[in-house]
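Colleague: I would like a close look at a single part of this model, worked through in one connected answer. Please begin with one residue and then widen the view to its surroundings.

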Amino acid sequence: MLTMEDIIRDGHPTLRKVAEEVPMPPSEEDKQILKSLLEYVQNSQDEDIASKYGLRAGIGLAAPQINVLKRMIAVHVQDSKGNLISHALFNPKIASHSVERSYLTAGEGCLSVDKAIPGFVPRYARVTIKGIDLDGNEIKFRLKGLPAIAFQHEIDHLNGIMFYDYIDKEDPYKEIENAIAIER
Ligand code: K2U
Ligand code: NI
């Protein structure tokens, strides 16, 4: 199982590189890597496992964060209605998105960033995600709220983008135009 020792930290060059598309159908090795990403996120949300292994809680994880420069992400999070949104995807894409934006009023964090970096991170309010699941099937679904933000955060990791890149340096809490504020 993955632990915090497997997660590379800000400053590691891999976090600023663009990850490679995963060849389809996925190899057994690539399936194991993707399963390990989802397993980490699930474990990190289980109090007993997280405290036993010192896991920082996360709702998503991307392969570059374990120094694997391949386009794979896992997200495991409840939406505002309490529905579980859980996906492990190869080659995820934002197929379309709203003009309207959203942001977490508490700002964002990252398992690869050990310090808090305060400020609003503007995201698309609604996104349509396309990707390939662990069975090699193409899936497509629409998201809003925290799940939409999580997918954007993880897909950014595949393009060498960190959440704090979006924070206004002069005024980190500057009002974001045409945006929904999401209390977490
Ligand atoms: O990619 C990662 O480093 C995991 C991130 C994912 C994430 C950050 C901000 C907003 C959405 C997703 C975090 O460690 S997950 C921690 C967390 C938990 C609940 C809500 C927001 C962030
Ligand atoms: Ni992150």
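Modeller: In this predicted model, glycine 145 lies in helix H3, which spans residues 145-157. Its relative accessibility is 21%, and because buried would require a value under 20%, glycine 145 counts as partly exposed. Once the neighbours within four places in sequence are left aside, glycine 145 is in contact with Ala125 and Ile182. A further spatial relation links glycine 145 to serine 80, for although the two are 65 residues apart along the chain, their C-alpha atoms are separated by 7.3 Å.

Turning from the residue to its helix, H3 lies across E1, E2, E3, strand E6 (126-132) and E7, and runs at about 160 degrees to E2. These five strands form an open sheet in the order E1-E2-E3-E6-E7, with antiparallel pairing. Its edge strands are E1 (60-62) and E7 (138-144), each of which pairs on one side only, and the twist from one strand to the next averages 40 degrees. In general, strands of a sheet pair through backbone hydrogen bonds, either parallel or antiparallel.

At the E1 edge, the pairing with strand E2 (residues 72-78) is antiparallel and extends over three bridges, and here leucine 61 stands opposite alanine 74 in E2. Helix H1 (residues 28-44) also packs on the sheet, where it touches E1, E2 and strand E3 (84-97), and the direction of H1 makes about 25 degrees with that of E2.

Key:
Residues are numbered from 1 along each chain as its sequence is written. Chains are lettered from A and ligands numbered from 1 in the order in which they are written. This is a predicted model: local features need pLDDT of at least 70, side-chain atom pairs count only at pLDDT 80 or more; totals for chains, interfaces and linings use all residues. Side-chain values use heavy atoms; hydrogens and water are left out. Two strands pair if DSSP finds at least two bridges between them. Helices (H or I, at least four residues) and strands (E, at least two) are DSSP runs, numbered from the N terminus. Axes are lines fitted to C-alpha atoms, for helices over the stretch in contact, and angles run from 0 to 180 degrees between N-to-C directions. Contact means heavy atoms within 4.5 Å. Buried means under 20% relative accessible area, exposed over 50%, partly exposed in between (1.4 Å probe, protein chains only).
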